[in-house]
Amino acid sequence: MTRVWLIAAFGPIWILTAAGYLARRRRLLGDSAAALLGQFVFHLAIPAALFRTLARTSLSGFAGRPLVAFGVSTALVIGAGWYGPGRWFGRKPGEQAIWGMAGGYVNSANLGIPIAMQVLGSVSFLVEVVLLQVLVVTPIILIALDRRQDAAGRIRVRRIATLPVRNPVILASALGVAASATGFHAPPVLQTTLTLLSQAAVPTALVALGASLCRERSADAGTERSDLPVRPLAPAYAEILVITGLKLVAQPAIAYCMGAFVLRLSHPQLLAVVVCAGLPTAQNAFIFAQQYGVAEALASRAVLITTTLSMVTLAATAVLLGR
């Protein structure tokens, strides 16, 4: 049974990522393909998917304590990832935001949904995770990335206040929550349009990820290495090792300790919290890194490696917690 849901959940991810890599390697996609596909996902596909998901999600009846356990694990891991690299790996402020996101922002969409259905039998808690990440974590990260684009690194109140209007991810999320709260139903034509766009989000993001991996490989011989550590004693593999440890070990471990010993969650609640906390790095980390032009190689490696290894860690979690 475990083998079946592992193949069902991870198989399409790897096939599409490999398709993007091979298409770029065989030059079926141009040099700017990854960037163009990433912009499509960021500006159109992801916002459409978020709006549809949140508009259909009831905002009542959320389980508070499990979400607290997950939220604490997310905050601690992202915080550690955000501030640690500046001291250990010489990362700049904008890069640190992507670093923290790679360490603690879980893939709750295309990977979380099939795993939640197979392991948990429900996506109810996963919807809460999506809301927490989209409405709380994402704005914080995007504000930090947006601040980086200011030449003096200033935080301008007007710029932050207008960020929800200028950023399609936050705007779509806010509109989706408003639609859910008011019971708004989009006209059929708009519903069909949003459905088509949202269905394109996951495959396009994965193809863009695969294409970017090929581009990164070809850049190794050149000078496009600005997002690698500046200290010679801190090679790229050391960063990925730390990110992987934070994402696949530390975050679910913190979630387990909070849920089992502090909040005294029931077994089904504890399983849901730990499984969701143990999901790999979200592709949004790569999409945001690409959109803002920071730490793209780091983000793509983090998505690739944590997704690969999570096949083992998630299965182990299900077995250890008695699925």
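How many helices and how many strands does the secondary structure of the protein chain come to? The chain has 14 helices and zero strands, where helices (H or I, at least four residues) and strands (E, at least two) are DSSP runs numbered from the N terminus. The model is predicted, so local features need a pLDDT of at least 70 and side-chain atom pairs count only at pLDDT 80 or more, while totals for chains, interfaces and linings use all residues. Residues are numbered from 1 along each chain as its sequence is written, and side-chain values use heavy atoms, with hydrogens and water left out.

## The chain as a whole

Of the 323 residues in the protein chain, 51% are buried; buried means under 20% relative accessible area, exposed means over 50%, and partly exposed lies in between (1.4 Å probe, protein chains only). The accessible surface of the chain comes to about 15,000 Å², of which 67% belongs to carbon and sulfur atoms; such areas come from the Shrake-Rupley method with a 1.4 Å probe, and for residues only the protein chains shown count as cover. Among the contacts with a separation of 6 or more, 83% are between residues 24 or more positions apart, a contact being heavy atoms within 4.5 Å.

## Nonpolar cores

In soluble globular proteins, nonpolar side chains tend to be buried together. The largest nonpolar core here has 46 residues, of which I98, Y105, I141, L145, F286, I287 and F288 touch the most other members; a nonpolar core is a set of buried Ala, Val, Leu, Ile, Met, Phe, Trp, Tyr and Cys residues joined through side-chain atoms within 4.5 Å. Helix 6 gives the most to this core, with eight residues. Apart from it lies another core, of 31 residues, which has F10, A260, A272 and V274 among its members. Leaving aside neighbours within four places in sequence, I98 is in contact with L145, A285, F288, A289, V294, A295 and A299.

## Helices 12 and 13 and the loops beside them

Helix 12 is largely enclosed by the rest of the structure, because eight of its 11 residues are buried, including L270, V273 and C276. Helix 13 is mostly covered as well, with nine of its 10 residues buried, and F286, I287 and F288 are among these. In the loop between helix 12 (267-277) and helix 13 (283-292) sits T281, which is buried with a relative accessible area of 0%. The side chain of T281 reaches the backbone oxygen of A102 at 2.6 Å, and T281 also touches other residues beyond four places in sequence, including Y105, K247 and T306.

After helix 13 comes G293, whose phi is positive, near 70°. A295, in the loop between helix 13 and helix 14 (296-320), has a positive phi near 50° although this residue is not glycine, and A295 is buried at a relative accessible area of 3%.

P66, which belongs to helix 3 (residues 64-88), counts as buried at 4% relative accessibility. Although P66 and F125 are 59 residues apart in sequence, their C-alpha atoms are 8.2 Å apart in space, and P66 touches F125, L265, Q269 and V273 when residues up to four places away are not counted.

## Salt bridges

Side chains of opposite charge can pair when their charged atoms come close. The structure holds four salt bridges, a salt bridge being a side-chain nitrogen of Lys or Arg within 4 Å of a carboxyl oxygen of Asp or Glu. The table gives three of them.

| Pair | N to O distance |
|---|---|
| D31 and R24 | 2.4 Å |
| R27 and D31 | 3.9 Å |
| E239 and R91 | 2.8 Å |

R24, R27 and D31 are linked in a network of salt bridges. Within this network, D31 is exposed at a relative accessible area of 52%, R27 is exposed at 60%, and R24 is buried at 9%. R27 lies in the loop between helix 1 (2-25) and helix 2 (33-55), and its phi is positive, near 65°, in a residue other than glycine.

The pair of E239 and R91 links distant parts of the chain, with E239 in helix 11 (residues 236-262) and R91 in the loop between helix 3 and helix 4 (93-104), 148 residues apart. Both partners are buried, E239 at 0% relative accessibility and R91 with a relative accessible area of 4%.

Technical notes
Polar contact = N/O pair within 3.5 Å; in protein donor to acceptor, adjacent residues only side chain to side chain.
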